[in-house]
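Trainee: I would like to go through the salt bridges and ask how each label is earned.

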Amino acid sequence: VANGAIYAGGEFTAIRPPGGTGGDIPRAYLAAFDAGSGDPVAGFDHTLDGPVHAITPSPDGQRIFVGGQFDTVDGVSRPRLAAFWTATGELDADWRPRTNGIVTAIEVVGDRVFVGGSLGTVNNQPRSKVAAVNATTGAVLDWVADANSGANVNALEASPDGSVIFLGGDFATINGSGPRAIQALDPSTADQFPM
């Protein structure tokens, strides 16, 4: 939910107005609905070429960050990550990080966007299953929390005060140490907190 709209992602190719009347409206993998009426947001109509698996708003609600299995948005290259302005519905032309793997989780802490999934690189820099990028520029940050080989990070959640980022997935270790499947890290340094 951001700026009066509810954003939905998935594997769908059409949506319907409230009550299911009026027939299908084409929307591939990403849609927005008015939070009050449930009506589709008319100005939010984008063409993605693959499913969306994760959506999260910026802290100020001015943008949403989207991750998934897509390569393009409206014919523009956006490998697995994109951002949209909530006021206009437009694709953010300046935020262009790219990853070589599917994104299944996104979380924002301050000016950092954390992404998790099956990724191995972000902006051509090695990052194993989880990474952090700048929320404005999309530049990959020097925040390294590598999951063990063959594992994925499938969930990301920040503490209410933004002092901890929680990771969940099928990993055994992060940066070579446990516990398995869930860890708590410093969102600034990637240092591990005891759990």
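Mentor: Arg 63 and Asp 92 form a salt bridge, with their closest N and O atoms 3.0 Å apart. This is a predicted model, in which local features need pLDDT of at least 70, side-chain atom pairs count only at pLDDT 80 or more, and totals for chains, interfaces and linings use all residues. Residues are numbered from 1 along each chain as its sequence is written, and side-chain values use heavy atoms, with hydrogens and water left out.

Trainee: Why is the pair Arg 63 and Asp 92 called a salt bridge?

Mentor: The term requires a side-chain nitrogen of Lys or Arg within 4 Å of a carboxyl oxygen of Asp or Glu. Arg 63 and Asp 92 have 3.0 Å between the closest N and O atoms, so the pair meets the definition.

Trainee: What makes Arg 63 buried?

Mentor: Buried means under 20% relative accessible area, exposed over 50%, and partly exposed in between (1.4 Å probe, protein chains only). Arg 63 has 10%, so it is buried. Asp 92, with 3%, is buried as well.

Trainee: Why is Asp 71 called partly exposed?

Mentor: Asp 71 has a relative accessible area of 36%, so it falls in between the two limits. Its salt-bridge partner is Arg 80, with the closest N and O atoms 2.1 Å apart. Arg 80 counts as buried because its relative accessibility is 15%.

Trainee: How do you know that Asp 45 forms a salt bridge with Arg 27?

Mentor: Their closest N and O atoms are 3.6 Å apart, so the pair qualifies. Arg 27 is buried at 8%, whereas Asp 45 is partly exposed at 46%.
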